[in-house]
Amino acid sequence: MKKLKLSDKAAEVIREALRLDGVLPGVNAAGIAGLFPTSGLYEYAPDEHIIEQEETGKDVYVICSGRVAIAKTFGTAGAKLADLSLGMVFGEMALLRDGVRVATAAAQCTARVFRLSAGDIAAVMLSHPELGAHLKDLAAQRSG
């Protein structure tokens with residue numbers, strides 16, 4: 001994994017994926033970097049794991065390019081749960097749970113993924129309550 005400079009194109013994908021236009025219309029790369037200072041855009045090689053099942057963490061991810069596979073193991077068996085692509089969000093279920101990851105996410109090809117750090121999420125929930133509520137709503141929609 002290597003950290004990349006956040007581009008306005010990636011910022012547009014993040015803005016749309018997190019539906020920020022309702023609370024922060026037109027925010028660009030500099031605005032996203034300012035709002036989420038410890039978060040960043042990372043490039044993952046094919047088959048590189050982004051998150052691991054059973055690890056702890058509350059970071060949320062947005063796919064800015066490439067594809068990511070979500071898989072879960074059950075004892076010795078495994079199952080592919082989803083193939084995610086541009087603009088899709090994953091890892092958000094940890095916001096509603098105790099932070100233990102329920103599946104593994106791995107790049108299927110070279111993928112650029114924005115990692116929204118848990119610390120930035122917590123800070124945003126305090127400073128921008130409407131955005132914090134919005135992120136929680138996104139997580140709740142996914143958990144069904």
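This passage describes the aromatic pairs, one helix and the salt bridges of a predicted model.

The structure is a prediction, in which local features need a pLDDT of at least 70 and side-chain atom pairs count only at pLDDT 80 or more, while totals for chains, interfaces and linings use all residues. Residues are numbered from 1 along each chain as its sequence is written, and side-chain values use heavy atoms, with hydrogens and water left out.

A good place to start is with the aromatic rings. Rings of Phe, Tyr and Trp (its six-membered ring) are taken as a pair if their centres lie within 6.5 Å; planes under 30 degrees apart count as stacked, over 60 as edge-to-face and the rest as tilted. Searching the whole structure yields 2 aromatic pairs. In one of them, the ring centres of Y61 and F90 are 5.1 Å apart and the planes meet at 10°, so this pair is stacked. Y61 belongs to strand β4 (residues 60-65) and F90 to strand β7 (residues 89-90), so that distant parts of the chain, 29 residues apart, are linked; helices (H or I, at least four residues) and strands (E, at least two) are DSSP runs numbered from the N terminus. Both Y61 and F90 are buried, where buried means under 20% relative accessible area, exposed over 50% and partly exposed in between (1.4 Å probe, protein chains only).

Helix α1 (residues 8-17) comes next, and its buried residues are A10, A11, V13, I14, R15 and A17. Just beyond α1, R19 adopts a positive phi of about 55°.

Turning to charged side chains, a salt bridge is defined as a side-chain nitrogen of Lys or Arg within 4 Å of a carboxyl oxygen of Asp or Glu. This criterion gives 4 salt bridges. One of them joins K2 and E43, at 4.0 Å from N to O. Since K2 sits in strand β1 (residues 2-4) and E43 in strand β2 (residues 40-44), the pair ties together parts 41 residues apart in sequence. K2 itself is partly exposed, at 47% relative accessible area.

A further salt bridge connects R115 with D59, whose closest N and O atoms are 3.2 Å apart. Here too distant parts of the chain are linked: R115 is in strand β9 (residues 111-116) and D59 in the loop between β3 (49-51) and β4, 56 residues apart. R115 and D59 are both buried.

D83 and K80 also form a salt bridge, at 2.9 Å from N to O. In this pair D83 is partly exposed at 45% relative accessibility, whereas K80 is exposed at 53%. Finally, salt bridges with shared partners bring K2, E43 and R112 into one network.
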